[in-house]
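Colleague: I should like to learn how to read a model of this kind. Where might we begin?

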Amino acid sequence: MPELPEVETVTQSVKKHLMGKQFRSLDVNWQKTLHNFTISDFDSSIKNKVIKNVYRRAKYILLDLGEVLMGIHLRMTGKLYVVDSIDRSKKHISLYLAFGDKYLVFEDTRKFGRFYMFDGIDYLNSKLGIEPLTKDFSKNWILENTKKRNRQIKSLLLDQSFVCGIGNIYADEALWYARIHPLSISSQISGKKILKLHEGIVKVLSESIKKGGTTIRDYTYDFAYVGNYALNLNVFGKQGENCPRCEGLIFKTKVAQRGTHYCPKCQVKIS
DNA sequence: AGGGGGGCCTGTTCGC
DNA sequence: TGCGAACAGGCCCCCC
């Protein structure tokens, strides 16, 4: 489940291959992958345009082609990588793009991943919240903005229009770090715990990027290892095990339709 | 405004 | 053992 750190790592990985290149062709095996454009849109707006930049916004990988942006969202199982030739034995290649003497491949078992065409970044900016690894995401920002919402904190963390890039795994880990119960109402959590949460979010995301970057040398040819591989998880998937901090037993429940892991002993509901 | 549920998908795990 | 059911989840959309 690629979240911000995995998307960042993949972005950097493909970037070094794509900068300054031009796509020659697009081959689509699963039509729904193209969310809001067609092959003929590709031919007229993307094909033969120079890739000026490759960057990440929230969980989107964005290719800046000057006039347009091509956006890629990996969703659950999307894998994006560069190869010298297409492996026809792979069952789940949704599409691939040819450039130079290489291919940018999008492989996606569950077919949730999508490619988009945007005429600029404004549309995404209007839908997406603050980037948690920028200085805009300050202690004051989180104090003010959790206070004015009355939402279950885990749902709020998963809301991409609030803070972007956090998914199910990092939400659980950040809440554990701050000793906050996932069902706590955001406006009722003490300022002290909210500051811990801020610290936890920055910590789990940035440490994961760091580990991804060092543990795995090059994702380009072997993206399969991106995921939980590089993470030190404290609660996610640890139901039934002891809390690494307090000897409590980690419990799994559902919050906002998602599997949610926490320690009932040290993540108490009332702030 | 916020919460719940369904849909999109397929490989894996679970239960009878 | 073998089969179908349930589960996994990021995001969108609809409903209350």
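Modeller: Let us begin with polar contacts: a polar contact is a pair of N or O atoms within 3.5 Å. Please bear in mind that this is a predicted model.

Colleague: How far is a phosphate oxygen of DNA strand B from an N or O atom in the side chain of R149?

Modeller: The separation is 3.0 Å. K32 also reaches a phosphate oxygen of DNA strand B, with a polar side-chain atom 2.8 Å away. R110 uses a polar backbone atom, which lies 3.4 Å from a sugar or linking oxygen of the strand.

Colleague: Which residues come nearest to DNA strand B?

Modeller: Of the 13 residues around the strand, K32, H92, K111, R149 and Q257 come nearest. Of the atoms of DNA strand B within 4 Å of the protein, 69% belong to sugar and phosphate. By class, the surface near the strand has 6 charged, 5 polar and 2 nonpolar residues.

Colleague: How is chain A divided into domains?

Modeller: Domain 1 covers 4–127 and domain 2 covers 139–262. Their C-alpha centres lie 28 Å apart.

Colleague: How should I read a helix, taking α1 as the case?

Modeller: In general, an α-helix has 3.6 residues a turn, so residues three or four places apart point the same way. Helix α1 has 15 residues (4–18) and should span 21 Å at 1.5 Å a residue; its end C-alpha atoms are 20 Å apart, which agrees.

Colleague: Why is α1 described as largely enclosed by the rest of the structure?

Modeller: The description holds because 12 of its 15 residues are buried. Among them are L4, V7, V10 and V14. After α1 comes G20, with a positive phi near 80°.

Conventions. Residues are numbered from 1 along each chain as its sequence is written. Chains are lettered from A and ligands numbered from 1 in the order in which they are written. This is a predicted model: local features need pLDDT of at least 70, side-chain atom pairs count only at pLDDT 80 or more; totals for chains, interfaces and linings use all residues. Side-chain values use heavy atoms; hydrogens and water are left out. A residue is near a molecule or strand if one of its heavy atoms lies within 4 Å of it. A polar contact is a pair of N or O atoms within 3.5 Å; within protein, one must be able to donate a hydrogen and the other to accept it, and residues adjacent in sequence count only if both atoms are side-chain atoms. Ala, Val, Leu, Ile, Met, Phe, Trp, Tyr, Cys and Pro count as nonpolar, Asp, Glu, Lys and Arg as charged, and the others, Gly among them, as polar. Domain bounds come from an automatic or database domain assignment. Helices (H or I, at least four residues) and strands (E, at least two) are DSSP runs, numbered from the N terminus. The expected span of a helix is 1.5 Å times one less than its number of residues. Buried means under 20% relative accessible area, exposed over 50%, partly exposed in between (1.4 Å probe, protein chains only).
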